[in-house]
Amino acid sequence: MKIIVPMAGRGSRLRPHTLTVPKPLIPIAGKPIVHRLVEDIAKVLDEKIDEVAFIIGEDFGEQVEKDLMKIANSLGAKGTIYYQDKPLGTGHAIMCAKESLTGPAVVAYADTLFKADFNLDKEADAVMWVKKVENPSAYGVVKLNQNNEITDLVEKPEEFVSDLAVIGIYYFKDVEVLKNELQNVLDAKLTRGGEYQINDGIEAMRKNGLRFVPGKVDEWMDCGNKNVTVETNGRMLNFLHQDGEKLISDSVKIKDSEITEPCYIGENVELINVKIGPNVSVGNGTKIENSTVKNSLIQTFAEVKNAKLDNAMIGNHAKFNGEFTQISIGDFSVLE
């Protein structure tokens with residue numbers, strides 16, 4: 001089994017954080033989004049992962065590539081890096097990894113997280129993972145027949161046709177069939193808004209008689225912008241806390257401070273006169289002093305003083321003093 005992970009560009013909706021770190025490597029509850037995604041897919045598949053192929057931008061850098069290889073190696077799988085040189089859509093990104101598009105595979109976009117407990121129907125030609133939503137007009141949705149088979153895929157329907165939204169994770173019994181259909185899409189230069197889409201390959205497969213079924217997830221968590229990323233961090237912390245996972249490092253230095261769980265607190269963090277939590281993640285080496293922090297995500301080696309933070313996201317090596325009188329703020333920074 002293979003996992004194919006198109007990671008696209010760094011993402012503009014999560015700036016300034018994605019100027020230096022690609023969005024899929026932003027940590028959620030102490031672990032990069034893409035790492036959690038790949039691990040959770042492996043749990044659902046419940047079988048050996050042979051390869052994890054990542055499609056990334058050419059500017060991601062050597063350290064990012066090393067980090068991605070570690071994710072694959074942690075599953076006992078081969079890691080492969082492919083490059084998408086132009087932002088030409090999901091179909092184009094997948095085809096950048098065409099050398100790995102053989103046999104059974106899961107294709108998953110790296111800006112989403114989920115929780116699921118279902119048995120994957122590996123007899124189906126393909127599975128599209130879906131989540132029941134309240135506002136289906138904002139999503140691509142699937143229609144089902146009475147045999148629980150997907151009969152149609154409708155993008156942002158103006159009138160109600162289904163409340164099962166496609167979350168961007170797919171299983172293909174033989175992903176080479178998708179590759180062949182996407183190659184036809186590229187050869188025909190069939191674009192939508194200037195991009196090649198996976199849906200055109202999927203529709204061709206379905207029209208050729210291949211059987212698609214839904215895989216329904218219990219939770220679907222987006223990481224598209226700051227607000228939803230902070231919300232997803234809190235939701236993930238609650239799931240991990242309920243599962244009994246250890247979230248607070250033994251090396252944390254605590255003085256006159258109070259922790260309200262769930263919180264993730266990394267290695268060598270210092271808390272001095274702090275009330276922290278719930279729903280806070282703090283990366284390694286960060287120091288927080290004389291502050292109250294809740295519902296927030298603070299990354300590594302940051303310094304926070306004299307602050308009252310709620311729904312905040314602070315990047316690596318950032319310094320924030322709530323009593324500031326002098327400011328040096330770069331492009332895309334936000335103070336609200």
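Which elements make a right-handed β-α-β unit? Keep that in mind while we look around this predicted model.

**Start with the whole chain.** Show everything as a cartoon and you will find 6 helices and 24 strands. The radius of gyration is 21 Å, close to the 20 Å that the globule rule gives for 336 residues, so the chain is as compact as a globular protein of that length. Align the view to the principal axes, and the C-alpha atoms fill a box of roughly 65 × 45 × 40 Å.

**Switch on a surface.** About 16,300 Å² of the chain is exposed, with carbon and sulfur atoms supplying 44% of that area. Colour by burial next: 47% of the 336 residues count as buried. If you draw contacts between residues at least 6 apart in sequence, 55% of them join residues at least 24 apart.

**Now select residues 51–56, 62–74 and 78–83.** Here is the reply to the opening question: strand β4, helix α2 and strand β5 make the right-handed β-α-β unit. Hide the helix for a moment to see β4 and β5 running parallel, joined by 6 bridges. To find one of these pairings, pick Phe54, whose bridge partner in β5 is Ile81. As you show side chains, remember that in a regular strand they alternate between the two faces of the sheet.

**Last stop: residues 140–144 and 150–155.** These are strands β9 and β10, which pair in the antiparallel sense over 5 bridges. Click on Lys143 and look across to Asp152, which stands opposite in β10. The two strands form a hairpin with 5 residues between them. Finish in the turn at Asn148, where phi is positive, at about 60°.

Definitions and conventions:
Residues are numbered from 1 along each chain as its sequence is written. This is a predicted model: local features need pLDDT of at least 70, side-chain atom pairs count only at pLDDT 80 or more; totals for chains, interfaces and linings use all residues. Side-chain values use heavy atoms; hydrogens and water are left out. Two strands pair if DSSP finds at least two bridges between them. Helices (H or I, at least four residues) and strands (E, at least two) are DSSP runs, numbered from the N terminus. A crossover is right-handed if, with the strands pointing away from the viewer, the path from the first strand over the helix to the second runs clockwise. The radius of gyration is taken over C-alpha atoms; the globule rule is 2.2 Å times the number of residues to the power 0.38. Buried means under 20% relative accessible area, exposed over 50%, partly exposed in between (1.4 Å probe, protein chains only). Contact means heavy atoms within 4.5 Å. Accessible areas come from the Shrake-Rupley method with a 1.4 Å probe; for residues, only the protein chains shown count as cover.
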